[in-house]
Each structure stands twice: as C-alpha cells, then as structure tokens.
Amino acid sequence: MSQDCTMRVPFYRHDLGPEELAAITEACSGAILTTGDWACRAEEAISGFTGLPHCVALDSCTAALHLALLALGVGPGDEVITTPMTFAATANAVVMVGARPIFADVSPLDGNIDPASVERAITPRTKALLPVHLYGVLCDMHALRDIADRHGLAIVEDAAHCIEGQRDGYGPGDLGDCVCFSFYATKNICTGEGGMLASNRKDLASRVRLLSCHGVDRTAYDRYCKDYVHWDMPVLGWKYNLDNIRASLVPSQVKRLRSNLALRESVATCYEQRLAGLEGVDFPRVPHGCTSARHMQTCWVAPQWRDKVLKGLQDGGVGVAVNYRAVHLLEYYRKVQGWKAGDFPVAEAIGAATLTLPLYPSLREEEQAHVLTTLAAVLDGLRAGG
Ligand SMILES: *Cc1c(COP(=O)(O)O)cnc(C)c1O
C-alpha cells in the first residue's frame, strides 16, 4: 500500500469530506461510541438505497459472510460453492464455519461464476452458493436462484464490489437469501474497515445480529440507555458489531453513490474505448442488461508480460493492483484444501493475465491519460523486446 503515498496517480483515493467529518465529530461527541444510533442510521441508509428491509452493520464484509453462513446453519461436513476469481475472504468465510469451499469456474467474458459449472459442482453435501459480483457486475442471479431452488440451497451474495449494480431489473440481495457489503478502505463506501449484511429475510438478519455480538441478547446500547435488565447468552456468537464512529461515515456516502457511479462510469467508458485500441490488451465486458457498479477497471495482458506491466506502471507513477490471482492456487488452498493448477482453467487464465488500473470518482482526465500513455509505452517496450 505504500505505493499509494508516492504515486503520481494513486491506485485509490477516498472522497471523505466535510459531511463525513461533521458526522464523525458528532459521533465522537456522543455518549455511545460503540454500536448505537449511528449504526442504525447506517443500516437505514443502506436499506433505503437497496430496498432490502433488514440490514445489520458489521465490522467487515468477511464478518457478514461468516455470520450469514452460520445463521444459515452451514457447518462441518457441508459444502459451499463459490468462485476462485475473488478475494481470499470469500472462500475463507466458508472455512471459518468448518465447511468446505468448492470452487466452480468462471465466464471468460466477465470473470463471474458460471452457472453451468456451479450445477456440475453440486453434491449431496452442498448447502449454499456464494457468488461474487466481480468488479461490480452482478452474476446471473436468475440462473443461480433457479439452480438453488431445484437443489434446496441458500444463496449468500458477496457484493463487496457491487452496492450499485443492476441486472435485468434486480439488484444485489434481491434474489439471494442475503447479501454482504464491504466498507473496507478502497471500496465504493469506505469506513476504513466495515461491512453490512442486508436481506429480505427478517429471521436471517435477526440471527446475524444476535451472532454479531457474542450471542448476547441485549446490546450495550440497551443495557446503558434503558432500565437495566439482565442479559443472557442463548448461543455462542462472535464480536463483529460496527461502532458508531465508523458507522457515522456511511449515510452521507450513500447519498453520493449515484453521482459517484456516474463519475466512475465516464472514467470507465473512456478506459474501455482506449483499451480496445491497444494491441495486446483485453478487458472484461459488461454483459447486456447489466449496469456495472464500476468498482474496478481491470485489463488482461499476456501472462508472461503481466508482472512486467505492473512494474512498468508503478515505475511510471501509476498505482496498480491484481484482482485476483485465482484463490484455489493460493498456498493454503493448494496445501491444506488440495486444489491444484488446472482445476479451473478460465479463472487461472484470468488470474495470470489481470491487472487493475486506478478508477475512482476524482480521477482527473490528465491522470487517466497518464495511466493510458504509460501502459501503451510499457507494452511497446515489451513488444520491442525490452
Ligand atoms: C474486499 C472484499 C471482501 C472482504 O471485505 P472486508 O470488508 O475487508 O472483510 C470480500 N470479498 C470481496 C470480493 C472483496 O473485494
């Protein structure tokens, strides 16, 4: 991450401003610093934006994934089908509940999990599907819901990249049992660390809320702001609640989601036009019927050049990332879970070719031009044998 401090064009730039400063100052001046009224306001804001009635503020998307699986009763002996083209956290959440992540390969067009591969991966032990809306493009949730219904499976959506995306009239969480959002430092809403679970299912959200604070049936807010009532602990829970301090940063960012998406959309459109004209570069396509949340602009280069392109961009002052090398090839998933090269050829090919360029609302035209000229120059150099 240190690259970001010195880069001419940083990989990411948050846009927290006067509204967030005012909110966090108010939160810090209040009596309750942990989960309380600001966490409620954050939940209401996400509920209002997504139309999902039941939201639980949590301290990460990983926590939301973990608790969603626990609340659905997924545990040892169970399998959950997910994508290898994601951040490690997605599959890790399955391991955290004692179940086994089973990967299914992805589409070469957009990198999203392929429903036909999902269908082939189902066994009598399968309990849930865990799709990821990669880079902001919703998976084909009608196809996944149909598979889930035919096999009696739950769906937990990882929408860390996709609060704003739409597909054929539905949004994240509309067709799944619940959806998990991230407010990590580089996401479209950021609180440093933070996350939220949202759902149409009241039972599921209530269970997650209980599990998010030790399994204790009264919150600190209840204990201190109302008449003292003894609390009990009906089940064993975790410590995943979101505090008021970080929650205070959410509501005003929700108000900017649409306008920020419009800004990223124009940056992304320009990237796509320019990348289409660069020899030796391809990029994932937004399928017909989708409005991408435009969380990330990735592109694909020849695998033997990818690391050189990363270095060339960084040397040229451009912040970069890799989203992602296929999860099943990470050491833990190879050595402990037994996956190997060749298991998911499409995800492996994307993972070997992909790199991510800076994309955020405040990216200036001349900064984007610098990214593109640097990329073109690096590729020219490689073609010339440099
Ligand atoms: C960032 C991210 C996560 C984890 O989010 P945290 O809030 O950091 O736990 C999970 N899945 C995907 C696809 C992500 O990009």
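Which residue has a backbone N or O atom 2.9 Å from an oxygen atom of the ligand? The residue is Cys61, and with that contact we can start our tour of this predicted model.

## Around the ligand

Two side chains join the backbone of Cys61 in reaching oxygen atoms of the ligand. In the side chain of His161, an N or O atom sits 2.8 Å from a ligand oxygen, and for the side chain of Ser182 the corresponding distance is 2.7 Å. Taken alone, the ligand has 380 Å² of accessible area, and the protein covers 93% of that.

The surroundings of the ligand comprise 16 residues, and those that come nearest are Thr62, Asp158, His161, Ser182 and Lys187. By character, the shell splits into seven nonpolar, seven polar and two charged residues. If you want to trace it by secondary structure, look at helix 4 (61-71) and helix 5 (88-96): each contributes at least two residues to the shell.

## Salt bridges, one pair at a time

Now for the charged side chains elsewhere in the model, where the count of salt bridges comes to 26. Arg246 and Asp243 form one of them, with N and O 2.7 Å apart. Asp243 is buried because its relative accessible area, 15%, is under the 20% cut-off. Its partner Arg246, at 22%, is partly exposed.

Another pair is Glu272 and Arg294, whose closest N and O atoms are 3.0 Å apart. Glu272 belongs to helix 12 (residues 257-276), while Arg294 sits in the loop between strand 9 (290-291) and strand 10 (297-300), so this salt bridge ties together parts that are 22 residues apart in sequence. Arg294 counts as buried, with a relative accessibility of 9%.

## A pair within one helix, and a network

What about a bridge inside a single helix? Arg383 and Asp380 both lie in helix 16 (residues 365-383), where they are three residues apart, about one turn of the helix. Their closest N and O atoms are 3.0 Å apart, and the two form a salt bridge. Here both partners are partly exposed: Arg383 has a relative accessible area of 35%, and Asp380 has a relative accessibility of 46%.

Salt bridges also link up into a network in this model, and its members are Arg145, Asp149, Asp177, Arg201 and Asp203. It is a good set to select together in your viewer.

Conventions
Residues are numbered from 1 along each chain as its sequence is written. This is a predicted model: local features need pLDDT of at least 70, side-chain atom pairs count only at pLDDT 80 or more; totals for chains, interfaces and linings use all residues. Side-chain values use heavy atoms; hydrogens and water are left out. A salt bridge is a side-chain nitrogen of Lys or Arg within 4 Å of a carboxyl oxygen of Asp or Glu. Buried means under 20% relative accessible area, exposed over 50%, partly exposed in between (1.4 Å probe, protein chains only). Helices (H or I, at least four residues) and strands (E, at least two) are DSSP runs, numbered from the N terminus. A residue is near a molecule or strand if one of its heavy atoms lies within 4 Å of it. A polar contact is a pair of N or O atoms within 3.5 Å; within protein, one must be able to donate a hydrogen and the other to accept it, and residues adjacent in sequence count only if both atoms are side-chain atoms. Accessible areas come from the Shrake-Rupley method with a 1.4 Å probe; for residues, only the protein chains shown count as cover. Ala, Val, Leu, Ile, Met, Phe, Trp, Tyr, Cys and Pro count as nonpolar, Asp, Glu, Lys and Arg as charged, and the others, Gly among them, as polar.
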